[in-house]
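Please open the model in your viewer and keep the sequence panel beside it, ready to select residues by number. The tour below moves from the whole chain to single side chains, one selection at a time.

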Amino acid sequence: MSHIKVFLVEDDTDWIKAITAFLNKEEDMLVVGSATSAEEAIRLAYTVSFDVVLMDIQLTDKGLDGIYAAVEMLEIRPTKIIMLTSLTDEHVMTQAFTAGAIHYLDKTRFKELPHMIRSAHHHSAAMEALLKELSRLKREEQLKQLTEAEREVFELIEEGYTQAQIERKLYKAESTLKNQVNKILKKFGAKSSKEAVEMVKRKGLFRKGREE
């Protein structure tokens, strides 16, 4: 029997040990690794093969690190992420799904994890369709602040066009284009075009100041 490979991201090492023992009792599951911080999880995502991630939303006392980690891990590899928390705030739940989480579970209900992991791994098509639509809506929510001309410029920047290429393609003067780019950055609160693109790509769930 092939196993569903599970990866744990949790700052409580005792909880990692307990859940690892709990899940490894299931015939079709195997915990293949763990991380105690967002940075470690992102680093291991490049080398560890897994199917489902159990992600604690609060990995430090500084905020919702798990949400940002989920966004970045999904950029590295396609996987199913189940958010684990003791928080019941609706805004936090919405952010978890915006990040791409397939499920959200209160830690006190950990006994439901085997069923939820199987569901995420084998039967996630409907939820993935909803997440795709949520992603589209979040993109539009961010881009609606741009004028039609600014959006045209932004989308070319997204596609990798250089400033000179955009000037030629849209028949814009250098000064006009620079002015539009500056307005775009101001509206997003971004320091650079790259940062603005990352903010939209990550559906607004972007940690400013973090080195890429």
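## A tour of the model

Begin with everything selected, and look at how the chain is brought together: of the contacts between residues with a separation of 6 or more, 63% join residues that are 24 or more positions apart. Keep in mind throughout that this is a predicted model.

With the cartoon display on, you can follow ten helices and five strands through the protein, and the C-alpha trace spans about 65 × 35 × 35 Å along its principal axes. Of the 212 residues, 45% are buried. If you switch to a surface display, you are looking at about 11,700 Å² of exposed area, of which carbon and sulfur atoms supply 51%. Colouring by charge picks out 32 positive and 35 negative charges, whose mean positions are 4 Å apart.

**First stop: the largest nonpolar core**

Now select Phe-7, Val-53, Met-55, Met-73 and Met-83, which, among the 26 residues of the largest nonpolar core, touch the most other members. At least two residues of this core come from each of β1 (4-9), α2 (38-44), β3 (52-56), α3 (65-76), β4 (80-85) and α4 (90-98), and α3 supplies the largest share, with five residues. Apart from this core lies another one of 20 residues, including Val-6, Trp-15, Leu-105 and Met-116.

Stay for a moment with Phe-7 and show what surrounds it. Which residues does Phe-7 touch, if those up to four places away in sequence are not counted? Among them are Gly-33, Ser-34, Ala-35, Ala-41 and Leu-44, as well as Val-48, Phe-50, Val-52, Val-53, Leu-54 and Met-73.

**Second stop: charged pairs along helix α6**

Side chains of opposite charge can pair when their charged atoms come close, and the structure holds 16 salt bridges. Select Glu-133 and Arg-136, which form one of them, with their closest N and O atoms 2.7 Å apart. Why can these two side chains be found on neighbouring turns of helix α6? Glu-133 and Arg-136 are three residues apart in this helix (residues 125-143), and therefore about one helical turn separates them. In general, an α-helix has 3.6 residues a turn, so residues three or four places apart point the same way. Both ends of the bridge are partly exposed, Glu-133 at 35% relative accessibility and Arg-136 at 42%.

Further along, select Lys-138 and Glu-141, whose side chains meet in a salt bridge of 3.8 Å from N to O. This pair, too, is three residues apart in helix α6, with about one helical turn between its members, and Glu-141 is partly exposed, with a relative accessible area of 46%.

**Third stop: from α6 across to α7**

Next select Arg-139 and Glu-155, which form a salt bridge with their closest N and O atoms 3.6 Å apart. Arg-139 lies in helix α6 and Glu-155 in helix α7 (residues 148-158), so this pair ties together parts that are 16 residues apart in sequence. Arg-139 is partly exposed at 24% relative accessible area, and Glu-155 is partly exposed at 26%. Add Glu-140, Arg-151 and Glu-158 to the selection, and you will have a network of salt bridges that links them with Arg-139 and Glu-155.

**Fourth stop: helix α8 and the loop after it**

Move on to Leu-170, which lies in helix α8 (residues 163-170). Is Leu-170 buried or exposed? Its relative accessibility is 17%, so Leu-170 counts as buried, the cut-off for buried being under 20%. Leaving aside neighbours within four places in sequence, Leu-170 is in contact with Glu-152, Val-153 and Leu-156. The C-alpha atoms of Leu-170 and Glu-152 are 9.0 Å apart, although their positions lie 18 residues apart along the chain.

Then select Tyr-171, in the loop between α8 and α9, which counts as exposed at 76% relative accessibility. Most residues other than glycine have a negative phi, yet Tyr-171, which is not a glycine, has a positive phi of about 55°.

**Last stop: helix α10**

Finally, select helix α10 (residues 193-201), where Glu-195, Ala-196, Val-197, Glu-198, Met-199 and Val-200 are buried. Show the helices around them as well, since the buried residues of α10 pack against α3, α6, α7 and α9 (174-188). After α10 comes Lys-203, whose phi is positive, near 55°.

Conventions. Residues are numbered from 1 along each chain as its sequence is written. This is a predicted model: local features need pLDDT of at least 70, side-chain atom pairs count only at pLDDT 80 or more; totals for chains, interfaces and linings use all residues. Side-chain values use heavy atoms; hydrogens and water are left out. Helices (H or I, at least four residues) and strands (E, at least two) are DSSP runs, numbered from the N terminus. Buried means under 20% relative accessible area, exposed over 50%, partly exposed in between (1.4 Å probe, protein chains only). Contact means heavy atoms within 4.5 Å. Accessible areas come from the Shrake-Rupley method with a 1.4 Å probe; for residues, only the protein chains shown count as cover. Lys and Arg count as positive and Asp and Glu as negative; His and the chain ends are not counted. The place of a charge is taken as NZ of Lys, CZ of Arg, CG of Asp or CD of Glu. A salt bridge is a side-chain nitrogen of Lys or Arg within 4 Å of a carboxyl oxygen of Asp or Glu. A nonpolar core is a set of buried Ala, Val, Leu, Ile, Met, Phe, Trp, Tyr and Cys residues joined through side-chain atoms within 4.5 Å.
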